[in-house]
Amino acid sequence: MRLYGLKNCDTCRKALKEIENIEFVDVRAQGVPDSVLTEAFDTFGEALLNTRSTSWRGLDAEQRTRPPLELLKEHPTLMKRPLIEDDGTLLLGWTSKTKASLGVA
């Protein structure tokens, strides 16, 4: 199981505390493999793009009109977090639905 996120993201830290035996991938330092990013975009669509982030606010109007997958590849910190990969299943966010899927109370 892998968690794609940022080491300074509070939500990612909460998830890491509650999940045992998970590999953490810092998207700022290591990025997200193209195959995982493409599958995540196919699964979640534009919900994968965090338009409330500081990174999003730093983009100009022209950049914001670019295709979401292109933006995510160039700026992985724009991804909503955490993105959890569990045996071929992708989960987005640290919600009650995600916790239930992972068997976390």
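Two strands pair if DSSP finds at least two bridges between them; strands (E, at least two residues) and helices (H or I, at least four) are DSSP runs numbered from the N terminus. The model is predicted, so local features need pLDDT of at least 70 and side-chain atom pairs pLDDT 80 or more, while totals for chains, interfaces and linings use all residues. Residues are numbered from 1 along each chain as its sequence is written, and side-chain values use heavy atoms, without hydrogens and water.

**Exercise 1.** Work out the strand order of the sheet, then find what packs on it.

*Solution.*
- Step 1: The order in this open sheet of four strands is E2-E1-E3-E4, and the pairing is mixed.
- Step 2: E2 (23-26) and E4 (89-92) each have a single partner strand, so they stand at the edges with one side lacking a neighbour in the sheet.
- Step 3: E3 (residues 83-86) pairs with E4 in the antiparallel sense over four bridges, and Leu83 has Leu92 as its bridge partner in E4.
- Step 4: Helix H2 (residues 34-44) packs on the sheet and touches E1 (2-5), E3 and E4; contact means heavy atoms within 4.5 Å.

**Exercise 2.** Locate the unusual backbone geometry in the loops.

*Solution.*
- Step 1: Recall that most residues other than glycine have a negative phi, and most peptide bonds are trans.
- Step 2: Between H5 (68-74) and E3, the loop holds Pro82, joined to Arg81 by a cis peptide bond with omega about -10°.
- Step 3: Asn21 has a positive phi, near 55°, and lies in the loop between H1 (10-18) and E2.
- Step 4: Asp87, with phi of about 50°, sits in the loop between E3 and E4.

Technical notes. Axes fitted to C-alpha atoms, helices over the stretch in contact; angles between N-to-C directions.
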